[in-house]
Amino acid sequence: MSDTANNDERIKEISSLRQFFMRPELGGMVGTVAVFTFFLLFAFDSGMFNSQGVLNWSIVSAQFMIIAVGACLLMIAGEFDLSVGSMIGFAGMMIAVFGVVLNWPIWIAILITFVICLALGALNGFIVIRTGLPSFIVTLAFLFILRGFTIYIPQTIERKTIIGGIRDAAEGDWLAPIFGGKIFGGVFQWLGDAGIIATFERGTRAGQPVVDGIPMLIVWAIILIIFGHVLLTRTRFGNWIFASGGDAEAARNSGVPVNRVKILMFMFTAFCACVFATCQVMEFGSAGADRGLLKEFEAIIAVVIGGALLTGGYGSVIGAALGALIFGVVQQGLFFAGVESSLFRVFLGVILLGAVILNTYIRRMITGER
Amino acid sequence: MNSRTEHAPIIQMKDIEKHFGAVIALAGVSLEVYPGECHCLLGDNGAGKSTFIKTMSGVHKPTKGEIIFEGKPMNFDNPRDAMDAGIATVHQHLAMIPLMSVSRNFFMGNEPTKKIAGVPFFDREFADRITMEQMRKMGINLRGPDQAVGTLSGGERQTVAISRAVYFGAKVLILDEPTSALGVRQTSNVLATVDKVRKQGVAVVFITHNVRHALAVGDRFTVLNRGQTLGTAQRGQITPDELQDMMAGGQELAQLDDALGGTV
C-alpha cells in the first residue's frame, strides 16, 4: 500500500488478519509449519534433521520445486501441462542418446535437448491456442506421445530401456557440472572440520564431511523460484500472465498479447522439465524410460497447495515452492519416521482436497462473492 | 451550450450507411460530437445503436459515408487504430479482471516500467499512486490499490473502466449502455463519473435506452429508429415524453403508456 493510501482518512482499514488470509501463500505457509512441527516432534531422532537428512529431503523438495515453478506460472496463465512427466523422461533419454549412443560431447547433447524441449513446449502451446481446445486434452496427448517415444527410441537402438554411462561421457565437460555439480564444498569441509556436521570416520574419504556441497539441483530450484517470483510480481509480463489467466478476452481487449504469453509459459514449463531431467541424468549417470512418471500431477498438486486457482489468474510462485517443500518433507519424513510409504499417496489426496477447498474459500473472500 | 458550438466538432459522422448483406442496419446517420459534451444516443433495441458505435470505434467499416475525426477524414481498419487515435469504448462486457487488483487492472496492457540495472520492472509504486489518484478524482474510495476489482460494485467497475480510458488519452469516450445492469445508486455514481469526464473536455457518446439516464447528463440527444436519425435535440428543448415517443416510434407506446399509468 502506498503512503497516499494510508493518509486517506476515507479508507476503511482492512483487518490485518483478513488481509493475511487473502495471501495466496497462506495454505503453503500453514502447511509448512504444520509439517515441520509434526516431524520435529515425531521423527527428530531419526536422522531427518542432521546434515545428511536435511540434504535428503532438500533434494527431493528441490526436484518438486523446479517443475512446480513452471506449472505454477502456466496455471496462473490459465493453462495446464500434463506432459511434464513424460517430458522429463524424454529429455533425459535424448541426452543419453546424443551423448552416449551417438557419442557427441555432453554439452552439445544438453543444448540440443533443451532446444527440442522448448520446441515441444511451443508446439503444445501453439496447438492449444490454434485449436482452442482445453490444454489438458492437448497435453494429455503429449503425455502419451512423448512417453511412447521415450520407450521406443532406446528399445530400437540399444535394445534396453535404460542407457547408462553418462557420467563417463560427461567427464571434463564444461556444461555438465552446471547441472550435476556441487557448490560450497569448502564451506562444508570447514563445517566438517569444525565438528558442526558429521564426517566420515574411516575409509578412503575419512575426515571428509558426509555432505560435501550443495547439489546444483537445489541451486537451480532457488534460481527458478526467484526468477519466477520476480517475473510474476515485479514485471509487466507478470501482469500479462495474471491477465491472460484471469480473463483472456478482457486481456486481449486491453492489448495484452495473450497468445504469446501462453505459448511462452508452455515453453517455460518445458524448460523446467528439461532442467529437472538434466540434473537427474547427471546425478544418476543414466537415463531411464520410466523417469518422471506422475510428475505432472505432483507439480500441479504442489501448485494448488501453494494457493493457485485451477481456473487461472491467481497464485504465487512462493506458494508453489512451499507446496513442493511440504511434498519433499512429507515423502522423505514418512520414510524417516518408519511409516509405510504407500501412506504418502493417501496424504497427497487428502491435502489436495483440503487445499482446493481452502482456495475456493479464499477466492470468494477476494472477489467478494457470497 | 452556445460556447460549445463555437468549437469544431471532434468527430463527425456523415451520412453513415451500413449494410449487412440485404439488411440495411444504418440508412444514412449523421452525428457530430463536440469536446466536453455528453451526446446521448438513444434508441430501442434493434435501432442500430450498436452498429453505429461499432462503426465509430473501428469495428465495422461504413458501407457509405464519411468519418471526420479532428478535422481529417478517417478510415479505421480495426479498433486498435481507433483507440490509438483517441476513441475509446467502454463495453458492457468490461475489460476488467475480477481477481486482479485495481491498479493491475488499471494499467493492464499499458504497464509503466522502471529500469533497475537495465532490466525493466513493473513500476508498481507509480501504478498504485496513479490509480489511487484517479480513483479519488472519480470519487471512489479504495481500501488500497491492491484491492481486487471483484470486490467493487458494478458501478464502481464502470467508473474504473471509464477513468482508465480517460487516463490513457481518450478524446472520444463511447459508453455502451453503462447503466443498463445497474441499480439506482450505482447508476447515479456512473452518471456522476460521466459528468466529471465531460468537464475534463472529453467528448462522451452515451448509449442508452433509458430516457431518464440520458436526460440526467446529456447535452444533446440523438434518437435512432430503424437505422435512421430522428433528429438531434438540445438539452431543454425536449421533454422526456417526446424523447420516449421518438424512441419507440410514437403511437403504440402512447397507448401502452396510458395503460400502464405512465410508468414506462
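In this predicted model, A:Cys274 has a relative accessibility of 0% and counts as buried. Across all chains, the structure holds 0 disulfides. A:Cys274 is therefore unpaired: a disulfide requires two cysteine sulfur atoms within 2.5 Å, and the nearest cysteine sulfur, that of A:Cys117, lies 3.6 Å away. Chain B offers a further case. B:Cys38 is in no disulfide, and the sulfur of B:Cys40, the nearest from a cysteine, is 4.2 Å away. B:Cys38 also counts as buried, at 0% relative accessibility.

Strand 3 of chain B spans residues 38–42. This strand is joined to strand 11 of chain B by 4 bridges, and the two run parallel. Within strand 11 of chain B, B:Thr222 is the residue that stands opposite B:Leu41.

Strand 11 of chain B covers residues 220–225 and is mostly covered, with 6 of its 6 residues buried. Both of its faces are covered. On one side, B:Arg220, B:Thr222 and B:Leu224 are buried. On the other side, B:Phe221, B:Val223 and B:Asn225 are buried as well.

Strand 11 of chain B has a further pairing, with strand 12 (residues 228–234) of chain B. Here the sense is antiparallel, and the pairing extends over 5 bridges. B:Arg220 stands opposite B:Gln234, a residue of strand 12 of chain B. The two strands form a hairpin with 2 residues between them. In this hairpin, B:Arg226 takes a positive phi near 50°.

Helix 9 of chain B spans residues 240–248. Its buried residues are B:Leu243, B:Gln244 and B:Met247. Seen down the axis of helix 9 of chain B, these buried residues fall within an arc of 100°, so they line one face of the helix.

The surface of chain A was also examined. A:Trp107, A:Leu111, A:Trp174 and A:Ile178 form a nonpolar patch there. Together, these residues have about 390 Å² of accessible area. One of them, A:Trp107, is found in helix 6 (residues 106–131) of chain A. A:Trp107 has a relative accessible area of 32%. This value lies between the cut-offs of 20% for buried and 50% for exposed, so A:Trp107 is classed as partly exposed.

Definitions and conventions: Residues are numbered from 1 along each chain as its sequence is written. Chains are lettered from A and ligands numbered from 1 in the order in which they are written. This is a predicted model: local features need pLDDT of at least 70, side-chain atom pairs count only at pLDDT 80 or more; totals for chains, interfaces and linings use all residues. Side-chain values use heavy atoms; hydrogens and water are left out. Patches are made of residues with over 30% relative accessible area and no salt bridge: like charges are joined within 9 Å, nonpolar side chains (Val, Leu, Ile, Met, Phe, Trp, Tyr) within 5 Å. Accessible areas come from the Shrake-Rupley method with a 1.4 Å probe; for residues, only the protein chains shown count as cover. A salt bridge is a side-chain nitrogen of Lys or Arg within 4 Å of a carboxyl oxygen of Asp or Glu. Buried means under 20% relative accessible area, exposed over 50%, partly exposed in between (1.4 Å probe, protein chains only). The arc is that of the directions from the helix axis to the C-beta atoms. Two strands pair if DSSP finds at least two bridges between them.
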